Amino acid sequence: MSSIASTAGIVSFEQARRLVEQHAATVCPGEVEAVDLLAALGRVLAEGILADRDFPPFARATRDGYAVRAADLAEVPARLEVVGEVKAGDWPEPGVCSVGRGQAVGIMTGAPLPTGADAVVMVEHTSLTDQLAGQAVEVRRSASRGENFVPRGAEARAGQLLLDRGRRLDHAGIAIAASVGKSRVQVFRKPRVAVLSTGDEVVEIGATPGPAQIRNSNSYSLAAQVQNAGGEAVRLGIAPDERGRLRSLIEESLIEEGLDCDLLLLTGGVSMGKYDLVEQVLGELKAEVYFTGAEIQPGRPVVFGSCGAGALARADSDVAAGTRARAPAPHKKYFFGLPGNPVSTMVTFELFAQPMIEALAGMTPQRLIFLRARLKSEIRTKTGLKRFLPAVLLGEFENAEVELARWQGSGDIAALARANCYVVVPPDRERIEAGEWVSLLTRSC
Ligand code: AMP
Ligand code: MG
């Protein structure tokens, strides 16, 4: 860990992201389990998937037409004798179905190329000259060797690695595993991610909120984002803005063995208010803090740190003092203190918590990439922070346009639900004209 700079202050977006990535590179995924192939969708491979034979396993025609010798078509039109037909699933035995000089074999897409042939001409460029017997074909176009078939093993050789360990399986990965006959695959256990909301005003979603209360939507948005990122969310409820209770709940989620969580996400209580106590409590728990804010908006007060040796020492002293009897954390646990404003919570999750969850899930690190689109209407903003502004991607096909969603600030979930991406505004831009290309953070769903 000594190679990772410990900043513990407010850092730029890029520094914050790098710090998370560096720490994420040090974590280990959980145990390995075997699951049925379709249940592995969205899971991370704990084994490499190898080609069980050559791909394709035979020279495979990619067009319907005639298997020919290219040299026979040096001059066209040419008339070839049709000596057979191979459809997909047939095996053209060399002695029985092969292409000699001046000959052609009818062939269908997906069928093996007969011996002697070195090209396939498309049926569109041919006509049968003896319709009734179908014994000769006139070919109007020449062909070059290798045309319209894929040689055996051109896609992959038997034994070759097709999908790496650490790859999250999407439908294409599922297709690869299926194509090599894996009906079950080895995947990493999903990391368990504790979600603890804080705030005296926050109530559970089944409750009827009092006039000054709001429902705990963050626990749910975070749980959904955790699931999307390949983790399993453990919702721990709501901690009040009261130091003692907050501390015992944070301690429980970091230390409690029964919970067995790999990461803690806190929401709320990280700003500068009198009752924003999360940082103070983490300090009491001797947490190691890597940053206490990032120069972004929304989400500036985001905190990233870990508890391990510090919390353990504290827990031991508490046990000695008879104030607690819980087993201490066996190893370091990372946490994020995400700002409570719902939009800030969602953005900071995507920017910082997601790569840590992916790493705990065993996934190979992914670079964060912003896409680009043209801005539909001008943006005016303040300089100093990198902004991630909720926006709607419009247009069609090659004409993508993006427009900011009208919103009332970081608490406006309704605006965020109407948006489908964030426009990324660099900290030095006060005004971006309509028609300029801007960066986008697409929202995963
Ligand atoms: P805080 O970060 O605690 O200062 O909270 C900032 C804003 O987010 C306040 O308006 C809170 O009421 C709101 N908020 C905090 N926690 C939640 C939550 N779990 N669900 C929805 N809104 C929240
Ligand atoms: Mg609060």
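Around ligand 1, three elements each supply at least two residues of the shell: the strands β14 (192-198) and β16 (214-215), and α3 (217-228). The structure described here is a predicted model.

**The ligand site**

The shell of ligand 1 counts 17 residues. The closest of these are Glu 201, Ile 214, Asn 216, Gly 269 and Gly 340. As for location, ligand 1 occupies the second largest pocket.

Polar contacts to ligand 1 involve side-chain as well as backbone atoms of the protein. They include the following pairs.

| Residue | Protein atom | Ligand 1 atom | Distance |
|---|---|---|---|
| Asn 216 | polar side-chain atom | nitrogen | 2.8 Å |
| Gly 269 | backbone N or O | oxygen | 2.9 Å |
| Asn 341 | backbone N or O | oxygen | 3.1 Å |

Taken on its own, ligand 1 has 490 Å² of accessible area, and the protein covers 78% of this. Asn 216 and Gly 269 thus appear twice in the description of the site: both belong to the closest residues of the shell, and Asn 216 places a polar side-chain atom 2.8 Å from a ligand nitrogen, while Gly 269 places a backbone N or O atom 2.9 Å from a ligand oxygen.

**The sheet that includes β14**

Strand β14, a contributor to the ligand shell, is part of an open sheet of six strands. The strand order is β17-β14-β18-β23-β22-β19, and the pairing is mixed. At the edges are β17 (232-239) and β19 (288-291), each of which pairs on one side only. Direction ignored, neighbouring strands of this sheet are turned against each other by 20 degrees on average.

Within this sheet, β18 (residues 263-267) and β23 (residues 333-338) run parallel and are joined by five bridges. One residue pair between them is Leu 264 with its bridge partner Phe 335 in β23.

**The sheet that includes β5**

Another open sheet of six strands has the order β8-β5-β7-β6-β10-β9, again with mixed pairing. Its edge strands, β8 (119-122) and β9 (126-128), each pair on one side only. The average turn between neighbouring strands in this sheet is 40 degrees, direction ignored.

Strand β5 (residues 65-68) runs antiparallel to β7 (residues 103-107), with three bridges between them. The bridge partners in β7 include Gly 106 for Tyr 66 and Val 105 for Ala 67. Strand β5 is also joined to β8, in the antiparallel sense, by four bridges. Here Ala 67 stands opposite Val 120 in β8. Ala 67 therefore has a partner in each of two strands, given that strands count as paired from at least two bridges: Val 105 in β7 and Val 120 in β8.

**Pairings of strand β30**

Further along the chain, β30 (residues 437-442) pairs with β24 (residues 371-375) in the antiparallel sense over four bridges. In this pairing Val 438 of β30 stands opposite Ala 373.

Strand β28 (residues 421-425) also runs antiparallel to β30, and four bridges join the two. The bridge partner of Val 424 in β30 is Ser 439. Strand β30 is thus paired with β24 and with β28, with Val 438 facing Ala 373 and Ser 439 facing Val 424.

Technical notes:
Residues numbered from 1 in each chain as written. Chains lettered and ligands numbered in written order. Predicted model: local features only at pLDDT ≥ 70, side-chain atom pairs only at ≥ 80, totals over all residues. Heavy atoms only, no water. Axes fitted to C-alpha atoms, helices over the stretch in contact; angles between N-to-C directions. Near = heavy atom within 4 Å. Polar contact = N/O pair within 3.5 Å; in protein donor to acceptor, adjacent residues only side chain to side chain. Areas by Shrake-Rupley, 256 points an atom, 1.4 Å probe, with all protein chains shown as cover. 1 Å grid on protein atoms, 1.4 Å probe; cavity = no way out; pocket = protein on both sides within 12 Å on 5 of 7 lines; lining within 4 Å. Sits in = over half its atoms within 2 Å of the grid points.
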